[in-house]
Amino acid sequence: MPAPAIWTWWVKTSAVGSRADKHPVPANVRFQYGTAGFRTIASVLDSVLFRVGVLAALRSKKLDGKTIGVMVTASHNPEQDNGVKLVDPRGEMLDTSWEAHATTLSNASTTDDFVSELAKFVEKLQIDLAKPARVVYARDTRPSGPALVASLEDGLRALGAEARNAGVTTTPVLHYLVRAINTLGTKDSYGEDSEEGYFQKLSSAYLKLVAPRQTPPPLLIDCANGVGAPIATRLATYLGDRLSLVLENTAIDTPGALNNACGADFVKTSQKLPPSLAGRLQPGQRGCSLDGDADRLMYFYIDQRNQFHMLDGDKIAALVAAFIVDLVKTSGLESQMKVGVVQTAYANGASTKYLTERLPVKCVPTGVKHLHHAAESYNIGVYFEANGHGTVLFSPAAQETLQTYEPSTPAQATALEHLRNLNQLINQTVGDALSDMLLVEVVLAHKAYDGSDWDSLYVDLPNRLVKVVVADRNQFKTEDAERQLVSPPGLQSKITDLARRFEGGRSFVRPSGTEDVVRVYAEAGSKPQADELAFRVAGLVYDFAGGNPTSRPKEFI
Ligand code: G16
């Protein structure tokens with residue numbers, strides 16, 4: 001269908017067409033707005049960033065000039081990758097109905113096609129171009145960041161957007177800023193719209209929550225050689241001597257260091273201490289890893305026999321949910337506040353058992369956007385992916401109750417005050433490693449737990465996660481919250497048969513939305529069995545999907 005002439009005329013006569021010419025689409029690349037926006041090798045992303053700038057401005061116009069966020073990051077991916085995602089006015093991920101538009105616009109192969117798609121899009125969504133556009137953007141520490149930000153700025157300029165550069169910061173700070181800007185001066189004010197405002201909000205809630213507790217021993221933080229390093233350095237100054245942070249892997253200017261053999265994804269996938277921390281983490285000491293943009297958190301400790309123990313997103317969910325349930329009961333709010341948990345298929349079976357014995361639990365597809373929306377159905381929704389990405393949401397009704405509820409006893413009053421402070425401490429826009437870290441520290445301080453007490457809440461089922469590079473990961477389609485494959489045909493029944501042969505065996509396969517791989521997860525009664533199941537399923541994936549020989553699981557070559 002040809003684009004309506006009026007819009008084509010507008011787009012061509014505005015700066016969009018001429019500026020778009022400077023950002024040609026690379027040949028033979030197909031872009032997709034995936035689990036967390038566009039993400040691929042940085043060298044092909046120039047045109048995507050320009051077009052995302054245009055799209056962000058249009059999203060703001062559509063929402064009456066509300067500020068939209070744009071984050072330039074590839075989070076846990078290796079340094080040569082980069083990516084970009086849009087943030088909606090409440091600091092949440094882009095409305096999923098716009099993801100397809102983002103994909104279409106990014107793949108228009110010429111300027112004329114782009115202009116034509118844009119015109120159709122503006123018309124279809126009835127976007128009033130006379131409305132103002134406001135965008136705030138930031139980037140992580142990747143070397144490719146500055147050039148990609150320049151492309152983004154060109155897209156914003158093309159639409160005359162009012163743009164605010166938040167500089168180099170974490171993904172969660174950018175999400176915080178979006179919500180803070182859009183609620184400034186309203187009754188829903190989220191805080192001052194600056195990094196200082198973020199630090200103030202989190203640290204003052206933390207200091208109140210731990211006021212009567214003993215100061216814990218120093219916490220070691222693996223910053224993944226990413227943007228978490230400078231932000232954690234600044235956070236430490238707000239915490240003073242109430243929490244001493246020992247920062248490791250802070251080499252943000254060393255080429256190739258980002259997420260390399262360190263960081264939350266390394267810890268979760270390899271189930272090992274980053275080699276750079278050997279000798280730095282003392283037996284019994286708490287440590288944690290952030291990822292490249294500090295939205296994921298993984299805790300760990302080593303015991304007196306030097307054994308490594310990982311405390312992942314599932315363990316964080318168990319710790320935090322139990323603490324919140326106790327506070328809700330003690331405050332006398334049990335009948336008014338439904339607390340629930342949201343997980344994905346990656347949640348360890350033992351964690352799901354532990355949680356479902358205590359409170360409602362839902363399983364949704366991977367991606368914080370799915371978990372976030374599911375968590376909104378509870379008064380207090382705790383969501384964590386096993387990879388350490390998550391947060392806690394207090395619904396508007398729950399926040400209102402916390403403000404107006406009259407406690408009847410001193411114990412109720414104290415528990416209520418703790419809930420009010422948690423509502424301030426937790427960054428509710430998105431998973432935030434630093435906010436989550438303070439939350440964990442609060443619970444450990446209140447419970448007088450060390451790493452091993454926390455770890456003993458339940459015993460993880462042995463598990464293994466592997467990646468397989470295939471010719472086309474898009475041929476893998478899933479249903480039932482990604483627990484069942486519907487394509488390629490015949491593969492699911494083979495996986496099911498195989499898993500049945502292992503005691504406690506469970507395995508599923510899904511295409512990644514952030515890397516060009518298929519992920520295979522397996523659980524079984526022992527570690528060797530979980531490894532074997534994972535590699536055998538990976539072998540099936542490889543055989544069904546024309547895997548790349550270099551990625552064939554080596555146990556089966
Ligand atoms: C992103 C998403 C997470 C998701 C992860 C891996 O995290 O925000 O929700 O779990 O990707 O997704 P996939 O398995 O589809 O690659 P991050 O930290 O990389 O932004």
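In this predicted model, helix H11 (residues 313-330) packs against helix H15 (residues 410-425) at an angle of about 135 degrees, and their axes are 8 Å apart. That angle makes H11 oblique to H15, since an angle counts as oblique when it falls outside the ranges under 35, 65 to 115 and over 145 degrees. Besides this helix pair, the briefing covers an open sheet of three strands with the order S15-S19-S18, the helix H19 that packs on that sheet, and the surroundings of Ser 487 in strand S17.

**The contact of H11 with H15**

- The crossing of these two helices, H11 and H15, is left-handed.
- On the H11 side the contact is made by Phe 323, Ile 324, Leu 327, Val 328 and Thr 330, which meet Ala 411, Gln 412, Ala 415, His 418, Leu 419 and Leu 422 on the H15 side.
- By character, the residues of this contact between H11 and H15 divide into eight nonpolar and three polar, with no charged residue among them.

**The three-stranded sheet**

- The sheet is open, its strands follow the order S15-S19-S18, and the pairing is antiparallel.
- Strand S15 (463-468) and strand S18 (506-511) stand at the edges, and because each has a single partner strand, one side of each is left without a neighbour in the sheet.
- On average, and with direction ignored, neighbouring strands of this sheet are turned by 15 degrees against each other.
- Helix H19 (residues 527-545) packs on the sheet, where H19 touches S15, S18 and S19, and the direction of H19 makes about 20 degrees with that of S15.

**The pairing of S18 with S19**

- Strand S18 and strand S19 (residues 518-523) run antiparallel and are joined by six bridges.
- A hairpin of six residues provides the connection from S18 to S19.
- Pro 511 has Val 518 in S19 as its bridge partner, while Arg 506 has Glu 523, likewise in S19, as its bridge partner.

**The surroundings of Ser 487**

- Ser 487 belongs to strand S17, which covers residues 484-487.
- If its neighbours within four places in sequence are left aside, Ser 487 is in contact with Gln 475, Phe 476 and Lys 477.
- For Gln 475 in particular, the backbone oxygen lies 2.6 Å from a polar atom of the side chain of Ser 487.

Note on methods:
Residues are numbered from 1 along each chain as its sequence is written. This is a predicted model: local features need pLDDT of at least 70, side-chain atom pairs count only at pLDDT 80 or more; totals for chains, interfaces and linings use all residues. Side-chain values use heavy atoms; hydrogens and water are left out. Axes are lines fitted to C-alpha atoms, for helices over the stretch in contact, and angles run from 0 to 180 degrees between N-to-C directions. Helices (H or I, at least four residues) and strands (E, at least two) are DSSP runs, numbered from the N terminus. A crossing is left-handed if the near helix is turned anticlockwise from the far one by less than a right angle, and right-handed if clockwise. Contact means heavy atoms within 4.5 Å. Ala, Val, Leu, Ile, Met, Phe, Trp, Tyr, Cys and Pro count as nonpolar, Asp, Glu, Lys and Arg as charged, and the others, Gly among them, as polar. Two strands pair if DSSP finds at least two bridges between them. A polar contact is a pair of N or O atoms within 3.5 Å; within protein, one must be able to donate a hydrogen and the other to accept it, and residues adjacent in sequence count only if both atoms are side-chain atoms.
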